[in-house]
Amino acid sequence: MTPKTKNKKISAIKGTKDILPQEARKWQRVESVARRIFELYGYREIRTPIFEATEVFEKGTGQTTDIVIKEMYTFTDKGGRSLTLRPEYTPSVVRAIIENRLYLQPQPQRFYFMGPMFRYDKPQKGRYRQFHQIDIEVFGEKDPAIDAEIVEMAARLFKELNVVDVKLLVNSVGCRKCRPPYLEALRRKASEYSGQLCADCQRKIVTNPLRIFDCKVELCNEISRGFPNIIDYLCPDCKEHFSRFCSHLDLYGIKYTIEPRLVRGLDYYTKTTFEFVSSKLGAQDAVLGGGRYDDMMKAFGGPEICGIGFAMGLERFISVVPFEEEKEDFLYLAHMGDKAKKTGMELARFLRQNGIECLIEYKERSLKNQISRANKLGAKWVLIVGEEEVERGRYQLKNMDTGLQEDITKEEMPGILLA
Ligand code: AMP
């Protein structure tokens, strides 16, 4: 330890956050609702490693994306391999499917996943360097009905958690056939403004002009508003897919706005893209984004199987969920004296075995002190275990809401406490 670092306060890395117990409860709630809904739609959980060979993202996310160019946490391990902390999930899933030959199983296949992602971006409200996503992917279904189904599933999640004030934006980014002529038109138009665009966007004119729409510089944004719309360049197949996708959304009664600039920051999208934005979020307003990626599996050396999915940012989502305050529902076991402590420990085990949340503390305290602790911690019940109670085999159960006290046996406890 150098003298300089000796007294330096140790703190969390910039752009990362601790999720403290009270906050973690909200995360658990959202995760459990999401799991239940996804399973209802036939999704199954998949978990892949947090880091991958760097090329997984270079190939998947795309060489011309801001993520790959600027935002990856890439490092060389002791064996000299280039590894990257995953900045997004889809390439990892595609890699896992090919490696585990899951594509041999009947399709379509539906997966979900929850976990941390890492991007070296400038931290601000709603944008972190370690953030968390809930992600779903479907493989092997070309029908635009699935595009609408995943949007409907996302809408269901919002509804169950009472998230309002969200708006759905949809677009199509075309396919291998119709995108090249569009990119050419975009390149021509962008070149006219080359002098006014930021250095990054000037580079993008050459590498991938579609990525200009991802630029966070206000002037670039303003200029790109006048660029040609991809919707006008779609081939008949993509046009048909998009119109059927929209009519399925109509069928579900889901309102949407067509946003021709919605290309999303990843290179792999084909046809459908969509995003849910919230008016409550400020500058980083995208809560959930997704789209179709029909060519990725093939590009990874796997079979030609199409894919579609979405990712929802948990930090942003949780910040717009109106959580009701949850009351604690546990019993505080107060004990006085050595003998009572031992009986209390046994009773605590008995209560927990019966599914009753029970807190017992081991420091010697007076009854008054323990009741005041229980009160402070928000206990719903206090079970008083003193020497006399142990002798009688009957214990005082105090309801902290009503203040009423009952004299009960061990056997009576589950019936009363679980009622
Ligand atoms: P993406 O993977 O870029 O399509 O993003 C999907 C969702 O993840 C977004 O709609 C956000 O909710 C969330 N997200 C993306 N980047 C960040 C970040 N740096 N910090 C927090 N949330 C993020």
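## Note on the predicted model: ligand shell, helix H6 and backbone outliers

1. **Lys14.** Lys14 sits in the loop between helix H1 (3–6) and helix H2 (21–40). Helices here are DSSP runs of H or I with at least four residues, strands are runs of E with at least two, and both are numbered from the N terminus. Lys14 counts as exposed because its relative accessibility is 57%. The cut-offs are under 20% relative accessible area for buried, over 50% for exposed, and partly exposed in between (1.4 Å probe, protein chains only). Beyond its neighbours within four places in sequence, Lys14 is in contact with Pro123 and Arg129; contact means heavy atoms within 4.5 Å. The C-alpha atoms of Lys14 and Lys122 are 9.5 Å apart, with their positions 108 residues apart along the chain.

2. **Basis.** This is a predicted model, in which local features need pLDDT of at least 70, side-chain atom pairs count only at pLDDT 80 or more, and totals for chains, interfaces and linings use all residues. Residues are numbered from 1 along each chain as its sequence is written, and side-chain values use heavy atoms, with hydrogens and water left out.

3. **Ligand contacts.** The ligand is surrounded by 13 residues, where near means that a heavy atom of the residue lies within 4 Å. The closest are Arg119, Tyr128, Arg264, Ala286 and Val287. The side chain of Arg119 places an N or O atom 2.7 Å from a ligand oxygen. From the backbone, an N or O atom of Tyr128 is 2.9 Å from a ligand nitrogen. A backbone N or O atom of Ala286 is 3.0 Å from a ligand oxygen. On its own the ligand has 480 Å² of accessible area, and the protein covers 91% of that. Areas come from the Shrake-Rupley method with a 1.4 Å probe; for residues, only the protein chains shown count as cover.

4. **Shell make-up.** Strands S6 (130–139), S10 (286–292) and S11 (307–313) each give two or more residues to the shell. S10 gives the largest share, three residues.

5. **Asp214.** Asp214 belongs to the loop between helix H8 (199–207) and helix H9 (218–224). It is buried, because its relative accessibility is 17%. Its side chain makes a polar contact of 2.4 Å with that of Arg211. A polar contact is a pair of N or O atoms within 3.5 Å; within protein, one must be able to donate a hydrogen and the other to accept it, and residues adjacent in sequence count only if both atoms are side-chain atoms. Past four places in sequence, the contacts of Asp214 are Asp66, Val263, Arg264 and Gly265. Arg264 is also among the residues closest to the ligand.

6. **Helix H6.** H6 (residues 144–160) is largely enclosed by the rest of the structure, because 12 of its 17 residues are buried. Among them are Ile146, Ile150, Met153 and Phe158. At the N-terminal end, Asp143 acts as a cap, with a side-chain oxygen 2.7 Å from the backbone nitrogen of Ala145.

7. **Backbone outliers.** Most residues other than glycine have a negative phi, and most peptide bonds are trans. Asn162, just after H6, has a positive phi of about 60 degrees. Asn162 lies in the loop between H6 and strand S7 (166–172). Lys271 has a positive phi of about 55 degrees and is in strand S9 (residues 270–278). Lys271 counts as buried because its relative accessibility is 10%. The peptide bond from Gln107 to Pro108 is cis, with omega near 0 degrees. Pro108 is in the loop between helix H5 (90–99) and strand S5 (109–118).
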